[in-house]
There are 4 protein chains.
Amino acid sequence: MAKIQIGLIGFGYWGPNLARNINANPRSILSCIADIDFERREIAGNMYPHVEVVEDPQVILKSPQIDVVAIATPVSSHFELARQAIENGKHVWIEKPLAATSAESAELVDLARQKHRILMVDHTFLFTSSVKKIHEVIRAGELGNILYYDSVRVNLGLIQSDVNVIWDLAPHDLSIMDFVLEQKPKAISVHGKCHFGTKLEEMAYLSLYYQNNLMAHLHVNWLSPVKIRHTLIGGDRKMLAWNDLDNENKVNVYDKGVEVMQRENGYAALTQYRIGNMASPALANKEALTEELDYLLDCIEGGQEPFNNGEAGHRVVEILEAADHSLKNSGKLIELLP
Amino acid sequence: MAKIQIGLIGFGYWGPNLARNINANPRSILSCIADIDFERREIAGNMYPHVEVVEDPQVILKSPQIDVVAIATPVSSHFELARQAIENGKHVWIEKPLAATSAESAELVDLARQKHRILMVDHTFLFTSSVKKIHEVIRAGELGNILYYDSVRVNLGLIQSDVNVIWDLAPHDLSIMDFVLEQKPKAISVHGKCHFGTKLEEMAYLSLYYQNNLMAHLHVNWLSPVKIRHTLIGGDRKMLAWNDLDNENKVNVYDKGVEVMQRENGYAALTQYRIGNMASPALANKEALTEELDYLLDCIEGGQEPFNNGEAGHRVVEILEAADHSLKNSGKLIELLP
Amino acid sequence: MAKIQIGLIGFGYWGPNLARNINANPRSILSCIADIDFERREIAGNMYPHVEVVEDPQVILKSPQIDVVAIATPVSSHFELARQAIENGKHVWIEKPLAATSAESAELVDLARQKHRILMVDHTFLFTSSVKKIHEVIRAGELGNILYYDSVRVNLGLIQSDVNVIWDLAPHDLSIMDFVLEQKPKAISVHGKCHFGTKLEEMAYLSLYYQNNLMAHLHVNWLSPVKIRHTLIGGDRKMLAWNDLDNENKVNVYDKGVEVMQRENGYAALTQYRIGNMASPALANKEALTEELDYLLDCIEGGQEPFNNGEAGHRVVEILEAADHSLKNSGKLIELLP
Amino acid sequence: MAKIQIGLIGFGYWGPNLARNINANPRSILSCIADIDFERREIAGNMYPHVEVVEDPQVILKSPQIDVVAIATPVSSHFELARQAIENGKHVWIEKPLAATSAESAELVDLARQKHRILMVDHTFLFTSSVKKIHEVIRAGELGNILYYDSVRVNLGLIQSDVNVIWDLAPHDLSIMDFVLEQKPKAISVHGKCHFGTKLEEMAYLSLYYQNNLMAHLHVNWLSPVKIRHTLIGGDRKMLAWNDLDNENKVNVYDKGVEVMQRENGYAALTQYRIGNMASPALANKEALTEELDYLLDCIEGGQEPFNNGEAGHRVVEILEAADHSLKNSGKLIELLP
C-alpha cells in the first residue's frame, strides 16, 4: 500500500512531536512543513533536510500529493485551515480544541461528513495507556456507579496570549471525561481569575453536573509553583486515583468505599467505610502520539470513522464556550444542551 | 502559681488528645472527664485512674474547683455547654466549629465578653509550625500580593451523622485563611453532592472571593481513596506549596512567578515565567495541641485575649453558614458581611 | 483474672511509649517507673500521678507485687537488670538489642529457660501490620524463592554515645529478616565509617550471605539528611517493596520478574523481564506496641513461649557481634555459626 | 565554519539518541549510520532518509569526509572500533564504559594523545544540570568536607548478555564521583550475586574508600521492582540529596549536620544534630546529550581537550576491573593505584 502523505501546518510547541512521529512511522510520509515563523522553519529544515519547508500553508492545503493535513497552529486559525483542507479533499488531524467557537466546530463536523473526509481531533490523552486502562476499568463496572470525577491540572504554565487557561488545559480533561464517562454534562458553573491584566484567566475551577447525581470538577491553573496531574474517580464499588506524574504506578484502583446502613430508629443513616486492597495495573509504555497516528492511518486506510472525530471535538468546544459564559457571569449555572 | 484545673466534656475522637495534653502539662490538672457513653468512660477511667470520670457534664459545669471547661462534643451541643460554662464563670476551650449557627456563636462571643471569660476555639492548625511559618512568610511580604489560596483536604472520611463535610473539614482551612490572609471573604459560591441519602454532602467545592482580586478555593471530600492535604498559595513575588503529609519538607517556598510585559503594539500583554530556587524552611517538631494548651494557660494567667478567640470562631461559622446557603441553591453567589 | 503488674525501668526515649501502652491496657497495671534521671522522673510523675516513681531499679526488681519487668535502658545495663529480674522470678520485656554481647544474651536465654520465665525482646517491628503482611506473603510462596533482601534505614539520627549505628538501627532489620526469611545468615561482611572521633561508626553497610544464593544488604546511617525506610525483597516469582514512610501504600507486591531462556546456540542465556500488576494489600491500622503488649500478656496468661523470645534476641546479637568484628577488619568476611 | 560530519556506529538502544541530537544540531551533520542488524537499519533509514545507512562500520571508519566517529555498540567492540577510528585520524565520541579492560582503555588514551585526536567518553550524566549543580555546590565548599557519597541505582533492568550490572550501571556513578569528588578511590570491596546462571551478576554493592575518611557506596541492581535513582552526599557543613526521578526538586541541599562536643570529663564525645533550612536550586531544563554534543563540537573547533576524555574513561574502567576482581573474591578489599 502506498504511504500516506501528510503535510504539517505549525511547527511551534506541539508540531515537532507530530513531525517526529509522522516521519518515523513506516506507513506515512512527512511531505511538507509550513510555519509562518522564519526561525521555526530553520529548525524544521535542519531536522528534516529531506522535507519541504514552506512559509505559506496554502502550499500544503493545495498540494495534490498530500492526503492528510495536520494542523498545530493557534486555535483562532483552526477553522479556516481545516475548512480549506476538507474542501480540498484532505483528511484533517487537528490540535485541540477543534475550533474557537461551537458554531465553527459544528460547521467543520458538517463539512467533513459531506465530503466524507476524516476529521480527527488530537485528544492525545485518549491514546495513553492510563486513559485506556481507566476506560476499561469503568466499562467493566469495576468502580460501580460513578459518584464523582475530580481533576487537578496545574503548573507554572506557558501563559497563552490568545486563550485563557480553560481553553488551554481543560480540553484534556473534557475529552477524557467524554471518553470514560460516556455521557454529556447537563450544566456547568465556573469560577476563575485573571491577575495580570490580560483579560485571559490564568486559573479556573469548573463544576460540572451530570445525570444520576454524578459531579465533576476541574482545577486548571497556570500559576501553580508545582506541577500536579491528579485525577480522582469515586465509584460506589471502588475508587480510582490517577497520578500522571508517577513513574511507577500511574493508575491505582482502590477497593475502598462507604457503606450506608439505615439506623433502626429511622432518623439518620449510619455510614462506615471499607478499606480493602489497592491494585495498580501494568500499563504499556508506548508513546500516545505514536498510537494515535497508527489509529489515524488505520482509519484512513480502512475508511473507518475515528472515535475522536469532529463530533467529539465539538462536544468539548460546546463545554468550553459554556464555561466562558459562566465565568464571565460570576459562576452562574449554565445549562448544556443534551 | 496554683495549677489550672480543667474539666473535659467529651472523650470521643478528639477528646483523648486534649486529655493527654492537659494531663501531661505541668501547669494544668485534668480534674474531671465527662462522657455520656459508658465504654468511653471505661477507657478514660483506665487511662486516668487518678481522674474523676462522670456521665453528667453538669458535674464539670458546676464544679467550683474547675477553672476551664474543654468541650469536645458534637457541634449541636456546643452552644448550650459553652453558654453554661461561661455563665458559671469558667473559661472555655472548645472544638471547632464554635457553634451550629452564627446566631449561637455571636451570643457566645457576647457572653464571654460580658463575663470576662476566655472563649478559645480549638483551631489546632494555627499552632502547627507549618501554619506559623506560612503566616510569617506572608507577613514578611515574601510572597508579595496574594493571588490565590487553594486547598485540597480529602480522604476516605469518617462520615459524620450530624454535619456535612463542609462543617467537618472546612473549618481547618477557613481558620487558617482567616489567620494568614488577615481579611474576610466578600462572597462565596459552593458546589457539592450528597450521594448516600443522608442529606449531608460528602464532597464540596468552595470558591471564595476576597478584595484585591484574591480568590480562594477549597476542596473538601470524605469520599477520596487517597488522603491529600495540599495547599497552594500564589503570590506575585513568590509562591508557596504546603504538603502537610510530607514528613521532610512540608512548606516549600518557590521563587517562581510570572512577568507581564506590555507589547509594543499595545494589543496584548506578553507574559513569561521565572523559575528560581526553592527554599524549605526548617520547622519545629512540637505537637500543635501542646503549644495551644500552653498558649491557653498563658492567656488565662496573663489575662490576655487569645487570637483564636470567639470572634475568630464566629467568623468561621458565618462562612460555613453562607456555604450551606449557596450549596442548597446550586452554587448561587452569596455575599458576606464585611 | 487479676491484672498483670508491670514495672518499667527507663523512662528516656522509648520508655514513655511502653508506659503509655501498659497504662492503657485493661489487662495490665503500670505499677512503678524507675529512672536515674531526676527530670525524667518528674515528667513520669506528672503524667502518671497514680504510679510510684523511683530512682532505684531495685525497687522494681525486688517488688513482690510486680510480675513483669520492662527494661528500656541503655544496652550496657540490659544484662544485669534482666538477670536480676529473672532470678527474682519475674518475666522480662526488654528493649533490643537483648544484650551487649552474645555471651550475655546466651546466659539470659539459659537463665529464663531454667527459671521458666518469659524473656521477650521488644522487636517492635514484628508486630506492625506491614511486617506481618510481608511474613504472610513470603510464607504463602507468593514471591517464590527469595533472591535478595535489601534495606535502607537512614536519617539524621540521635547519635548514641554507647553503641554504633549498627547496634542502634540494624536490630530492626535483623529481627525482621530472622522472622520473614526464617533462616540464619552464613556469613557477613561490613563496611562503615566513624567521622566524629567517637570510635562509634555513624554509617555502615552490611552484606549478609544465606543459603540458596540469597543475599541481604543493610544500609544504616545516622548522617542522612533525609529519612528513608525502604526495603526491597526480590523473589523469582514476584517482588516486594516496603516503604514504611508511605502513609497510603506501605507494602507493594509487584508481579514483576525476569525470565531466562537458554539461547539455541548454547553460548549465552537470554533474559527478558515481565511487568505485571502491582497489588498493595490493606493493612490494619493498630499501634505495633499495643499488639505486642497484648501478645506478651497472652503468653504470660497462657504459659506460652513468645516467638520473639530470648533465642530470637540472641540470634540478632550474634550477628551484631560478627558485624563489629568484620567492620574492625575492613570488611573481612566473617562466617556465622549455623 | 563548515559543519562537522559525524558517522554513528550502533543504532540500538542509545544510538538513536545520538542520531537525533547530531541531526538536530546546526553545527553537525549526521553523515552515516552503521548497524549490523537489518531491522535497526530499516528503522534508521525510515527516520533519516537523507542519511546513508550501512551494515559495515568500515564505511564510516574509512570515509574521508567523516570527522567524528560516534560509537554506541556493545563494550566488547569498543576498543577495535575506537582504535581504527583514531588511527584513521578521526575524533571519537564513545559510549561508556570506554573499553572492556583497563589495558585497552590505556592504549586508546595513548593513541589519541599521539594522534592528537579527541577521545570523548559519553558520560552523559556529567552534562545534566543536576550533576553540574552538585559539582558547583561541592566546589564552592557549601557541603564542607565530604563524609560520604551514597548512590542507589536500581530498576527492573534490561539484563545485558555481555556485561554484569556493574559494567552497565556503575559507570554512571563512577564518572559522577570522579567529577564531583575530584579524587580517586584508594580501595574497593564488592559484594554481589548472580541468580540466573548467566555468570553475570544482576546485583552488586560497591564500597569505595577514599582519602580523608571519605567513603562511597553504590547499589546497582537489575532486579528491583521499583526504579530508584537516589544519591546522598554528606558533608560536615551541609548535606545533599539528589533524586533524579523527582520532576520538581531534583537536588536538595540541607543545612543539617552533626555537632560534636567533647564532654567535660573527657570520657566520651557528645553529639547533637542541627536541622536548618533546605534549599533546592533551580535547574536548567536542557537535554544533557544536547549539551554534551555542543561541548564536543566546541572542543573540536577550539582544539580543546574535553574533561570527559579518555583519561576520565580509563579511571572508570580501572575501578570496574577492580570491582570485578573483588566480587570474584567474596568482597576482598582491592587496593587501587594512586
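This is a short walk through a predicted model, taking the sheet and helices within a chain before the contacts between chains.

Let me begin with the sheet in chain A, where 6 strands form an open sheet in the order β3-β2-β1-β4-β5-β6, with parallel pairing. The edges of that sheet are β3 (52-54) and β6 (119-122) of chain A, each of which pairs on one side only, and neighbouring strands are turned against each other by 20° on average, with direction ignored. At the β3 edge, strand β2 (residues 28-34) of chain A is joined to β3(A) by 3 bridges, the two running parallel, and one of the positions to look at there is Ala34(A), whose bridge partner in β3(A) is Val54(A).

For the path of the chain I will move to chain B. Strand β1 (residues 4-9) of chain B and β2(B) run parallel and are joined by 6 bridges, with Ile4(B) having Ser28(B) as its bridge partner in β2(B). Between these two strands the chain passes through helix α1 (residues 15-24) of chain B, and this β-α-β crossover is right-handed. Going on from there, β2(B) pairs with strand β3 (residues 52-54) of chain B in the parallel sense over 3 bridges, and here Ile33(B) has Val53(B) as its bridge partner in β3(B). The connection from β2(B) to β3(B) runs through helix α2 (residues 38-47) of chain B, and this β-α-β crossover is right-handed. So how many residues of strand β2 of chain B are buried? The count is 7 of the 7 residues in the strand (28-34), and β2(B) is therefore largely enclosed by the rest of the structure.

Turning to helix packing, and going back to chain A, I would draw your attention to helix α6 (residues 129-139) and helix α7 (residues 165-181) of chain A, which pack at an angle of about 35° with their axes 9 Å apart. On the α6(A) side the residues that meet α7(A) are Val131(A), Ile134(A), His135(A) and Ile138(A), and on the α7(A) side they are Ile176(A), Phe179(A) and Val180(A). Sorted by class, this contact has 6 nonpolar residues, 1 polar residue and no charged residues.

Now to the contacts between chains, starting with A and B. This contact takes 39 residues from chain A and 39 residues from chain B. On the chain A side, at least two residues each come from β7 (146-156), β8 (187-193), β9 (203-209), β10 (215-221), β11 (223-235), β12 (239-243), β13 (251-262) and β14 (269-280), and the largest share, 6 residues, is supplied by β11(A). By class, that side of chain A has 23 nonpolar, 14 polar and 2 charged residues.

As for how these two copies are related, a turn of 180° with a shift of 0.0 Å along the axis lays chain A on chain B with an RMSD of 0.0 Å, which is the relation of a two-fold axis. Within chain A, the C-alpha nearest the axis belongs to Lys332(A), at 3.6 Å from it. Because 100% of the interface residues of chain A are also interface residues in chain B, the copies meet through the same surface.

The contact between chains B and C takes 12 residues from chain B and 12 residues from chain C. Which elements give two or more residues to the side of chain B that touches chain C? They are α1, α2 and β11 (223-235) of chain B, and the residues of that side divide into 6 nonpolar, 4 polar and 2 charged. Chain B is superposed on chain C by a rotation of 180° with 0.0 Å of shift along its axis, at an RMSD of 0.0 Å, and the residue of chain B that comes closest to the rotation axis is His50(B), with its C-alpha at 2.9 Å. Here too I can give the overlap: 100% of the interface residues of chain B are also interface residues in chain C, so the copies meet through the same surface.

I will finish with one helix of chain C. In helix α1 (residues 15-24) of chain C, 7 of the 10 residues are buried, so α1(C) is largely enclosed by the rest of the structure. Those buried residues are Gly15(C), Pro16(C), Leu18(C), Ala19(C), Asn21(C), Ile22(C) and Asn23(C). They pack against α2 of chain B together with β1 (4-9), β2 (28-34), β4 (68-71) and α8 (288-302) of chain C.

Technical notes. Residues are numbered from 1 along each chain as its sequence is written. Chains are lettered from A and ligands numbered from 1 in the order in which they are written. This is a predicted model: local features need pLDDT of at least 70, side-chain atom pairs count only at pLDDT 80 or more; totals for chains, interfaces and linings use all residues. Two residues are in contact if their C-beta atoms, placed from the backbone, lie within 7 Å. Helices (H or I, at least four residues) and strands (E, at least two) are DSSP runs, numbered from the N terminus. Ala, Val, Leu, Ile, Met, Phe, Trp, Tyr, Cys and Pro count as nonpolar, Asp, Glu, Lys and Arg as charged, and the others, Gly among them, as polar. A residue is buried if 20 or more other C-beta atoms lie within 10 Å of its own, exposed if 12 or fewer, and partly exposed in between; C-beta atoms are placed from the backbone. Two strands pair if DSSP finds at least two bridges between them. A crossover is right-handed if, with the strands pointing away from the viewer, the path from the first strand over the helix to the second runs clockwise. Axes are lines fitted to C-alpha atoms, for helices over the stretch in contact, and angles run from 0 to 180 degrees between N-to-C directions. Copies are superposed by least squares on the C-alpha atoms of residues with pLDDT of at least 70 in both.
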